[in-house]
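Here's a quick briefing on aromatic rings and the charges that sit over them. Have a look at the structure first, then read on.

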Amino acid sequence: MTAALAPAVLDVAQWQTRRRAHEERVDVWLTPHLARRRRGERHPVADFLFTYYSHRPAQLRRWHPGAGVELRDADPAEFGRDYRATAAGVTLDTDGVRERRGESIAWIRSLLAATAGRAPHFGCFGMHEWAMVYRQTRDELRHNAWPLRLTPERTAAVVEERGVRCSHFDAFRFFTPPARPLNLLTPTRETQHALEQPGCLHANMDLYKWAYKLSPLVDSELVADAFDLARDIRTLDMRASPYDLAALGYPPVRVETPEGRAEYAAAQRAFADRAAVLRDRLLATVPA
């Protein structure tokens, strides 16, 4: 059981203003995605978070106040099964959520804490994306509607010259079979807690996943902040990839050059700083 603390109280104007601001914020991301989906179009950067992760657009748009908040004059039916009525309105049944999802919450918290306690590494230079196309034919490419910046032979040579230092299992599992032996590590789901580190773009992108999986304990503003970071990371990820997406407005970060690697590492450090703040906020919502 969690400690019985008096909830923060939001009057009608306060919580409706927060909810409206959240909906308006995420609609900027959702509206073009849903329009493309209706047209049957695919965008390799802007649509990735909606296809790779399981959180649906309607779930991202739905507002939750987070644990320990009472909403005055609210209807429990409007917020879902995890909410209970109070004398003045509704509040999240925090103990009920924790009891029902305790194992998942503990797993996520353990991963976040382990990652936060580890030194960041910034020497991968985005080679994970190159390892995903290594020695593939044009038809085999995941985003084969878009050309590669270099020839297949030169693309493979960059991977072989630079090597791959990927610690993230969910990136590694998309490597082509001939690329996997080139990686310094062999990450697995079982070793995720031991290997995940806070400089990794994919680990920091996944803060969005952990935020929505902790929802509704986590307020929706934090989920949206994590989504916003993940969007920016995906942009760098694809700008530094072997794909030529300049026609979509994404000039390449040429990690095959010293200048490109320096640009990549600087952006990676900035993302790690942003991610550290979000990771701490998530850990604060699920104290040990």
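**Aromatic contacts at a glance**

There are 14 aromatic pairs in this structure, a pair being two rings of Phe, Tyr or Trp (its six-membered ring) with centres within 6.5 Å. It's a predicted model, so to speak of local features takes pLDDT of at least 70, side-chain atom pairs count only at pLDDT 80 or more, and totals for chains, interfaces and linings use all residues. Residues are numbered from 1 along each chain as its sequence is written, and side-chain values use heavy atoms, with hydrogens and water left out.

**Two pairs**

- Tyr 53 and Tyr 212 meet edge-to-face, at 6.5 Å centre to centre and 80° between the planes; planes under 30 degrees apart count as stacked, over 60 as edge-to-face and the rest as tilted.
- That pair links distant parts of the chain, 159 residues apart: Tyr 53 is in the loop between helix 2 (48–52) and helix 3 (57–61), while Tyr 212 is in helix 12 (residues 207–214). Helices here are DSSP runs (H or I, at least four residues), numbered from the N terminus.
- Both Tyr 53 and Tyr 212 are buried, meaning under 20% relative accessible area (1.4 Å probe, protein chains only).
- Phe 79 and Tyr 83 make a tilted pair, because their ring planes are at 50°, with centres 5.4 Å apart.
- Phe 79 is buried at 3% relative accessible area, and Tyr 83 is buried at 7%.

**The cluster**

- One aromatic cluster takes in Trp 29, Phe 48, Phe 50, Tyr 52, Tyr 53, Phe 174, Tyr 208, Tyr 212 and Phe 227.

**Charges over rings**

- Arg 234 lies over the face of Phe 48, 3.8 Å from the ring centre; the cut-offs are NZ of Lys or CZ of Arg within 6 Å of the ring centre and within 35 degrees of the ring normal.
- Arg 180 has its charged end over the ring of Phe 172, 5.9 Å from the centre.

Terms used. Helices (H or I, at least four residues) and strands (E, at least two) are DSSP runs, numbered from the N terminus. Buried means under 20% relative accessible area, exposed over 50%, partly exposed in between (1.4 Å probe, protein chains only).
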